[in-house]
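Reader: Could you take me on a close look at one part of this model? I'd like to hear about the charged side chains that pair up, and what surrounds them.

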Amino acid sequence: MSRIGNKVITLPAGVTVTIDKNHVSVKGPKGALERTIDPDITVEIEGAELAVKRPTEQKRHKALHGLYRSLINNMVIGVSEGYKSQMEIVGVGYKASNQGNILELSLGYSHAVFVQIPSELKVTTAMEKGQNPKVTLEGIDKELVGQVSAKIRSLRKIEPYKGKGIRFVGEQIRRKAGKTGGKK
């Protein structure tokens, strides 16, 4: 029994959902998102609530039931509130700046790294004295925000000895002890 799939999605004020066979589109104050779902799964609107139903108790249908409920819920949250991902760059001489949707990162390599951010996302950088540079991504598509954040993070992964690299704000890093000094 899918516990996630059985939950109903409450639609906030200003969000409209239209269902056309196996195509779901969600419009809200921040924008619009669309997704094609499996033909076996049905989506029903009951007032200000949305329910996702499955035809049988097959393992495949149970898996798709929870999946599509979560994806549609993420679309509803995205068009009403939006998603935000904050990363900080830890390391001496590491810098971040942006010109529109082009992000420029200095990460200790011999050259600067330029990242083209998709036009659906908004990128901002902050470099304050005494703090690590921060990169913030905002958008309505949770999948896209997470994918671009992971791509930026992969440019300089956190190393476990000094903790240098790109990490999410508030992320805990497992640190390793270095070598013990001295000869015997």
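**Salt bridges up close**

Author: Let's start with arginine 60, which counts as partly exposed, because its relative accessibility is 43% and the partly exposed class runs between 20% and 50%. Keep in mind that this is a predicted model. The side chain of arginine 60 meets that of aspartate 38 in a salt bridge, at 3.0 Å from N to O. Arginine 60 sits in helix α2 (residues 59–80), while aspartate 38 belongs to the loop between β4 and β5 (42–46), so this pair ties together parts that are 22 residues apart in sequence. Aspartate 38 has a relative accessible area of 15%, so it is buried. So here a partly exposed arginine 60 pairs with a buried aspartate 38.

Searching the whole structure turns up 9 salt bridges, so let's pick out another. Glutamate 88 and arginine 167 join their side chains in a salt bridge, with 3.5 Å from N to O. Since glutamate 88 is in strand β7 and arginine 167 in strand β13, the pair ties together parts 79 residues apart in sequence. What about burial? Glutamate 88 counts as buried because its relative accessibility is 15%, and arginine 167, with a relative accessible area of 16%, is buried as well.

Next comes glutamate 171, whose side chain meets that of arginine 153 in a salt bridge of 2.6 Å, N to O. Glutamate 171 is in the segment after β13 and arginine 153 is in helix α3 (residues 142–153), so the two tie together parts that lie 18 residues apart in sequence. Glutamate 171 is partly exposed at 25% relative accessibility, and arginine 153 is partly exposed too, with a relative accessible area of 24%. As for networks, salt bridges with shared partners link Asp38, Asp40 and Arg60 into one.

Now for the sheet behind the glutamate 88 pair. Its 4 strands are ordered β11-β12-β7-β13, and they form an open sheet with antiparallel pairing. At the edges are β11 (122–126) and β13 (165–168), each of which pairs on one side only. On average, neighbouring strands of this sheet are turned by 20° against each other, if direction is ignored. As a general point, strands of a sheet pair through backbone hydrogen bonds, either parallel or antiparallel. Strand β7 (residues 83–90) and strand β12 (residues 134–139) run antiparallel and are joined by 6 bridges. For a spot to click on, try serine 85: its bridge partner in β12 is leucine 137.

One more arginine deserves a look. Arginine 35 is in strand β4 (residues 31–36), and its relative accessible area of 23% makes it partly exposed. Its side chain makes a polar contact with the side chain of glutamate 143, at 3.1 Å. Not counting neighbours within four places in sequence, arginine 35 is in contact with Asn22, His23, Val24, Leu71, Met75 and Glu143. If you want a reference point, take histidine 61: it is 26 residues from arginine 35 in sequence, and the two are 18 Å apart in space, C-alpha to C-alpha.

Conventions. Residues numbered from 1 in each chain as written. Predicted model: local features only at pLDDT ≥ 70, side-chain atom pairs only at ≥ 80, totals over all residues. Heavy atoms only, no water. Buried < 20%, exposed > 50% of the residue type's maximum accessible area, 1.4 Å probe, protein only. Contact = heavy atoms within 4.5 Å. Polar contact = N/O pair within 3.5 Å; in protein donor to acceptor, adjacent residues only side chain to side chain. Pairing = 2+ DSSP bridges. Axes fitted to C-alpha atoms, helices over the stretch in contact; angles between N-to-C directions. Salt bridge = Lys/Arg side-chain N within 4 Å of Asp/Glu carboxyl O.
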